[in-house]
Amino acid sequence: MKTICLYFEIHQIMHLKRYRFFDVGADHYYYNDYANDVTLTDMVQRSYMPALQTLLQLCENNNKQFKVAFSISGVTLEQLEIYASEVIVILQKLNKTGCVEFIAEPYSHGLSSLANEKCFVEEVKRQSKKIKELFGKKPTILRNSSLLYSDEIGEMVNKMGFKAVLTEGAKQILGWKSPHYLYHCATAPKLKLLLRDYKLSDDICLRFNNNSWSEFPLTASKYTDWLSSLPEGENVINIFMELQAIGVMQPLDSNILEFFKALPQEAAQRGIRFATPSEIVKENDSVAPLEVPYPLTWNDEERDTSSWLGNDLQREAFNKLYSVAERVYMCNDRRIKMDWDYLQGSANFRFMNTKSSAENMNRGIYESAYDAFTNYMNIIADFTKRVDALYPEGIENDELNALLTTIRNQDDEIKILETKLGNALAALEHFNQPEDKEAAKKDAAVAKNEMETKEKKVATKKNKKTASKKSKKKGSVVENKKAKPTD
Amino acid sequence: MKVLMFGWEFPPHILGGLGTASYGLTKGMSQQEDMDITFCIPKPWGDEDQSFLKIIGMNRTPIVWKDVDYNYVKEHLGDGADPQLYYNQRDHIYGDFRHIHTNDLGCVEFSGKYPDNLYEEINNYSIVAGVVARQQNYDIIHSHDWLTYPAGIHAKQVSGKPLVIHVHATDFDRSRGNVNPTVYGIEKNGMDHADHIMCVSELTRQTVINKYHQDPRKVSTMHNAVSPLAPEVQAIPEVHDPKEKVVTFLGRITMQKGPEYFVEAAAMVLKRTKNIRFVMAGSGDMLDEMIRLAAARGIADRFHFPGFMKGKQVYEILKSSDVYVMPSVSEPFGISPLEAMQCNVPSIISYQSGCAEILNKCIKTNYWDIHAMADSIYSICSYPALYKYLREEGKKEVDAITWEDVGLRIRKRYEETLKYYYNN
């Protein structure tokens, strides 16, 4: 039985502000709040709300036969929380219908999977956690930024315990094979692959309103006719697109909503059903392994990473950014972690695209690829300065990690000792008699001595580190001391 | 096809971009086998490259009949001149010009430069053009820049052949809007009489259409190109100090070129970094003001004025630069960034330059946006990836812009003009 797997990406670019080199070291705020507010609000009004309302109707009215999947990047969730919380409310309503699946993706919509496994794992987990908080269910399927996938990424994803990945059904990988089956990762056979049918997906999201297209106008019955005429056995039809395809890429007056409204009935008449990605994985067996030695995406004609990492400028920016990945991973500074998410956004690299096909692309505030590069590199210069200021540069990352672990362990030890001290003091008060008091006092003194020597040890070890770090650490010890008695 | 061209400069003795453009353009056109170019200049020096065209010196063309013998003519005409041409031209003197000061051969003396009595030279040039136009055989007339428009009009009236004029600059570019009425008059008259107007950029084309009120249908854009580097120029070594970057401005230090924006951007860059030097090569009426400005900004220790550069010196300074900046306020075309890119130097140009229309592998800013300019300078100096990219891709891009292609496009315009001229 033919099954449509409908999936929408919800992600909005985080616009950076004009950042000149003389701002480096002076200004640590990198974002154009106005542009972010305006573009997101506009997107919500023109596309997200009408699209999601229609999808909600479809989920409610079709006896749970209509299914749909979403993935929302963490940064966009943050933006939605600030500027358009109604989108989250309607997503929660959709979630309640039981016809919706939420899919995991990297928090930043960035390229960490190509650079640093630790960061990638961390941000996927963070996004999954956020999805669980908002929608009550932990995702079991992953899709990487712009469907980025390769064998290597497949292994990482498999290790994280995901059941399947969504990716592009690109010709250079499939060759004669059809995307209408379930495949699995060549190096991690447990991980299933759902391949986007780019022809059928683009028919909706790119060509729907194009009146010079030979198939214009596209109706739901025509579309489902195509699906039902697919060869026997080709059962999995993956239609993946951005949610902004409804309303922005295809304006609402093109009747795109009517197309979607008619789709479930037309499909039902032809015996075609809908399913979420995890249902597809459960119901179908993989037909073959798929080897993907080079990364694959849904970008451009090339369907590779060339729109992000195609020229020297992009690769330089990418390398500079991820050169501090380890340190950012180790640190606890909230602002730096936040900037890290926003700076990773893949659009930052796409703006530096110099391919001839990108000549007329919308580069946001940037006039050219060089302008985008200059602005981004200035920001990275400031950002790396801040990251470097956290820990002394001379120490190797491994050594630093070891030191940080020692400090953490000692913190734990101090806590234990403090509990002991607290107990002793309690005992002292409890035996509020002169002779006992002295005994208790002795106890307390012993415990205190023990703790002080420990603290000294910690202090000597910490001498290796910067003064600022030391004061910060001591601050936390003091905090611990204060916190304890009230416990 | 035979073309009679009127120009003012021709290498190797040139004063500005006009000479370079005239050379490249004619050389490019001469690649077409049936193209026969006769190029008139006020004062040839005898060492011009005549391998691909014929040069007529206006100072060797008689306008007053003198009875002189062959040997005398041969002796007094100067290097590279043909005495027979002198006699042929003498047969076509068409009026009594004894009131004009001529030498013993009956020729007018030209300075070949831009002297104070420029209007007189322009007038004399067009009188001499009358003789040339009567004596020569040609299909079309092509006048370069306003100095030769009157000559072109004269030739057209004498011969009845169509006139194409080539606008290398307008007075609106040179004066930032304070147009000289006499110059405007000459320019407008030339355009009004022209059958076709070629402009070196769309920017200039719009000026011609809007300020000189020309019919857009007869105005076309004919971007300049750049000649490949000569082997001796290629041999000049690139000298780079690894610790210091050099940012160069090269051109006349006049209002049109926007030198003050370069100084201001330099001041901004030097506020943050110390390992960059700025060079402003050239001379002009704003030189002293710029020296004062650099001193006032406190950057004189890192800002240098080596003076006017010529010939090989230009390439020596380009080749040791890391960034080339052309912040022109209004530049009809601006060939120098192309030359910089040929020398592997990343360039920053203003949107107000005609060459910005055909260059993509360089950084463009508005001339007044000193923040963007400073940022771009800093970026090229600090981020090796950008430097490398612009250096390599810029070279590739500019190498693909050839005069030969321009020559083919000009040929096409000629044919269209001729067709239209004789059918209407």
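I started with strand β5 (residues 163–167) of chain B, which pairs with β6(B) in the parallel sense over four bridges. Note to self: this is a predicted model. For a marker along that pairing I took Ile165(B), which sits opposite Ile197(B) in β6(B).

Next I went to the other neighbour. Strand β7 (residues 219–221) of chain B also runs parallel to β6(B), with three bridges joining them. Here I noted Cys199(B), whose bridge partner in β7(B) is Thr221(B).

How do β6(B) and β7(B) connect up with helix α8 (residues 202–211) of chain B? I traced the path and got a right-handed β-α-β unit.

Then I asked myself whether the faces of strand β6 (residues 196–199) of chain B are covered or open. Both are covered: I found His196(B) and Met198(B) buried on one side, and Ile197(B) and Cys199(B) buried on the other. So Ile197(B), the residue facing Ile165(B), is buried, and I can say that of Cys199(B) too.

I switched to chain A for helix α9 (residues 220–228), where the buried residues are Tyr223(A), Thr224(A) and Leu227(A). Why do they end up on the same side of α9(A)? Because they cover an arc of only 95° around the axis. I reminded myself that an α-helix has 3.6 residues a turn, so residues three or four places apart point the same way.

On the face of α9(A) turned away from the buried side I found the exposed residues Lys222(A) and Asp225(A). Last, I looked up what lies over the buried residues of α9(A): the cover includes β8 (236–242) and α10 (256–269) of chain A.

Methods. Residues numbered from 1 in each chain as written. Chains lettered and ligands numbered in written order. Predicted model: local features only at pLDDT ≥ 70, side-chain atom pairs only at ≥ 80, totals over all residues. Buried ≥ 20, exposed ≤ 12 C-beta atoms within 10 Å, placed from the backbone. Helix = DSSP H or I, 4+ residues; strand = E, 2+ residues; numbered from the N terminus. Pairing = 2+ DSSP bridges. Right-handed = clockwise from strand over helix to strand, strands pointing away. Arc of directions from axis to C-beta. Contact = placed C-beta atoms within 7 Å.
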